[in-house]
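User: Got a model here that I'd like to go through with you. Can we begin with the pockets?
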Amino acid sequence: MVTDSRGQGRFVTVEGIEGVGKSTNLGFVANELRRAGHTVVETREPGGTTLGERIRDLLLSPDSRICPLAELLLVFAARAAHIEEVIRPALSSGKWVVCDRFTDASRAYQGGGRGLPAEAIDALARVVQGELRPDLTLLLDAPLAISAERQAARDSRDRFEQESADFFRRVRQAYLDLAAREPGRIRVINAARPLGEVQDDIRRALESIGR
C-alpha cells in the first residue's frame, strides 16, 4: 500500500498502446492512492476539459481526416487547456493527479507512429507544459499480438485503433525507447500477465514515490 504524504500533489501517468489494460489499471492506481489517504483527480488526454473532450471526439472519430501535424497541434491544444484548468490547480492544492496519457503519448503516437520530428514535439512541450513532468509514468507493455487480440473483441474501433500493425509497432518501440532513456520516471509493467501480477508491480511502483 502506498504510504501517505501531505503537501504538494504528485502527478502519475499511465501509458501504453491500445489493448494493454490502461482503463482497468488507471482505476486501480487511483484507488490505491485513495487508500493511502490522498485526494485523487482522475483525468485523461486528450480530454479532461470541455475543450479537450471536443478535441478528443474529433481526433478519435473514424470519419476524421487529420494530417499528422494538425493532429499533433490539436493534442497540444487540448493539453494546454488541461494543464491550465485541471492539472496545475490540482497539484498546487495538494491533490494527486492520475492521468490516462500525457506528453509521452505524443512522442510515441505522433513521433514514433506518425514520424513527426522529436524537435517539434519537444518545442511544443516546452511552451505548453514548461517544467511540468510526471513524477511517475506506468508504461503498460504487451506484445502486439496480445494487443491486437484484445482489440479484436471490441465492438467498434476509433481512428487510432484502426491503424496498421506497423503503426503500433513503431508506437510501442517509441515508448520502450523513452523508458530506456528515463528509467527513473518510467516503469515498464509487463501487461501480458494475469491482472493480479500486473497490479502487484503497479503497487510496488507507486510505493517508490509515496513515501
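User: Which helices each supply at least two residues of the lining of the largest pocket?
Analyst: In this predicted model, they are α1, α2 (50-60), α3 (68-92) and α4 (103-113). Helices are DSSP runs (H or I, at least four residues), strands are E runs of at least two, both numbered from the N terminus. A pocket is an open set of points on a 1 Å grid over the protein atoms alone, where a 1.4 Å probe fits, with protein on both sides within 12 Å along at least five of seven lines. Lining residues have an atom within 4 Å of a point.

User: Which helix gives the most?
Analyst: α4, with four residues.

User: What volume, and what lies nearest the centre?
Analyst: The volume is about 500 Å³ (space filled by probe spheres set on the points, which are joined across faces, edges and corners). The lining has 27 residues, with Glu-18, Lys-22, Glu-45, Arg-56 and Arg-101 nearest the centre.

User: How does that lining split by class?
Analyst: Ten nonpolar, five polar and twelve charged. Ala, Val, Leu, Ile, Met, Phe, Trp, Tyr, Cys and Pro count as nonpolar, Asp, Glu, Lys and Arg as charged, and the others, Gly among them, as polar.

User: And the second largest pocket, what lines it?
Analyst: That pocket holds about 210 Å³. It has 15 lining residues, and Arg-107, Ala-118, Asp-122, Leu-178 and Arg-181 are closest to its centre. α4, α5 (118-129) and α7 (165-181) each supply at least two.

User: New topic. Is Ala-125 buried or exposed?
Analyst: Ala-125 sits in α5. It counts as buried because its relative accessibility is 4%. Buried is under 20% relative accessible area, exposed over 50%, partly exposed in between (1.4 Å probe, protein chains only).

User: What does Ala-125 touch?
Analyst: Leaving out residues up to four places away in sequence, Ala-125 touches Phe-76, Thr-103, Arg-107 and Gly-130. A contact is heavy atoms within 4.5 Å.

User: Now α8. What do its buried residues pack against?
Analyst: They pack against β1 (11-15), α1 (22-35), β3 (96-100), β4 (136-141) and β5 (186-190). Among the buried ones are Val-198, Ile-202 and Leu-206.

User: Where does pLDDT stay under 50?
Analyst: Over residues 1-6. pLDDT is the predictor's confidence in each residue, from 0 to 100. Where it is low, the predicted coordinates should not be read in detail. The protein's mean is 93, and 94% of its residues reach 70 or more.

User: What cut-offs and numbering apply?
Analyst: Local features need pLDDT of at least 70 and side-chain atom pairs 80 or more, while totals for chains, interfaces and linings use all residues. Residues are numbered from 1 along each chain as its sequence is written, and side-chain values use heavy atoms, without hydrogens and water.
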